[in-house]
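Student: I have a two-chain model to go through. Could we discuss it together?
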Amino acid sequence: MEPGGTWLDRDSGPVVRPYALTGGRTEPASGEVLDLVAVVVAVEPPEAAEDSEPVPLTPEHRRIMSLCRNPATVADVASDMALPLGVVRVLLADLLLTERLSVLPRRPADEQPSTALLKEVLHGLRAL
Amino acid sequence: MDSAPSDDTGGIPLTIFKILVAGGFGAGKTTLVGAISEVRPLRTEEALTSASVGHDDLRGVAAKNTTTVAMDFGRITMSNHLVLYLFGTPGQERFWFMWDELSYGALGAVVLADTRRLDDCFPSVDYFERRRVPFLVAINCFDGAPRYDPEDVRIALDLDPRVPVVLCDARSMTSAKEVLITLVEHVLSGRAAAGQPAAGAITSAGG
């Protein structure tokens, strides 16, 4: 979209600035920035905890919870939500802090992949 | 909705590899990612930090404190514990703050070249060389574009002799697959040559 004096229509996307959805917060409440391909999944809430929600959930939080019924990466969630990555990270951090979501363990991004793992990638590609 | 990474990995830690697809505007990044996986859009609206201020010319836009980057990505699920993500990286140098995150722990990168605008590859080649991200150059053979010998392209881009230069048709799944296979083989051979792993050798902060 070129900046200029044109009126915005529905195709221009939401008129609300993206970070309005986070109450203006641009940093995750936990201070920890989730990796782009970190995998998150919804945690089944204990029945009793529903009454005493420390942070009220916004519709966006609820949509993320529904998307994360199956494990999904941060990139997947941002794409499915059609929201900017930074916004989704703030919302995900809220849900992680209140233990509605958890991050699945995976091979650390800075760990050297084994030769066996690389060969597995090769086989996987050849089988496509 | 396509299936998501599974948490049922039978005790094997989940591995998600990133491969970056870089290159100039119009070089065929989205086409290549789309040839081999379902392409999905990803948008970032990053608050400008010192990392990006240097790249964004802020004169006359004092109120602008975020910058939008649109890119594409695709996913290839290989097994219940191995998933490959392809990210089409925004070509312009002003998005380098995003590249740092994308390249953190990346398995490798494909630099797509359009022989009509070979200069557009330079920022990507420079970046991956400096970050020691294993990469190859894939010449996207556009209809009507002049054909060059890959060795000529290697010389024009001043590439290390070990960096593979291949011809491809970004629209073809077979061709896109061959490009990725060559890249992973390059990562493996780099590791064998150096006696140490070549992939994921980035230690700076990123994600």
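Tutor: Certainly. One definition is needed beforehand: a residue is buried if 20 or more other C-beta atoms lie within 10 Å of its own, exposed if 12 or fewer, and partly exposed in between. Please note that this is a predicted model.

Student: Then where does Arg132(B) fall, buried, exposed or partly exposed?
Tutor: Arg132(B) counts as partly exposed, because it has 15 C-beta neighbours inside 10 Å. The residue sits in the loop that links helix H4 (122-131) to strand S6 (135-140) of chain B.

Student: What is the phi of Arg132(B)?
Tutor: Its phi is near 55°, a positive value in a residue other than glycine. Most residues other than glycine have a negative phi.

Student: And Glu99(A), what is its phi?
Tutor: Glu99(A) has a positive phi as well, near 60°. In chain A, the loop between helix H3 (85-97) and strand S3 (101-103) holds Glu99(A).

Student: Why does Glu99(A) count as exposed?
Tutor: Glu99(A) counts as exposed because 11 C-beta neighbours lie inside 10 Å.

Student: Changing topic, how many residues does the contact take from each chain?
Tutor: Chain B gives 40 residues and chain A gives 39 residues. On the chain B side, the elements that each supply at least two residues include strand S3 (66-79) and helix H6 (173-194). That side divides into 23 nonpolar, seven polar and 10 charged residues.

Student: How many helices and strands are there in chain B?
Tutor: Chain B has six helices and seven strands. Of its 207 residues, 46% are buried.

Conventions. Residues are numbered from 1 along each chain as its sequence is written. Chains are lettered from A and ligands numbered from 1 in the order in which they are written. This is a predicted model: local features need pLDDT of at least 70, side-chain atom pairs count only at pLDDT 80 or more; totals for chains, interfaces and linings use all residues. Two residues are in contact if their C-beta atoms, placed from the backbone, lie within 7 Å. Helices (H or I, at least four residues) and strands (E, at least two) are DSSP runs, numbered from the N terminus. Ala, Val, Leu, Ile, Met, Phe, Trp, Tyr, Cys and Pro count as nonpolar, Asp, Glu, Lys and Arg as charged, and the others, Gly among them, as polar.
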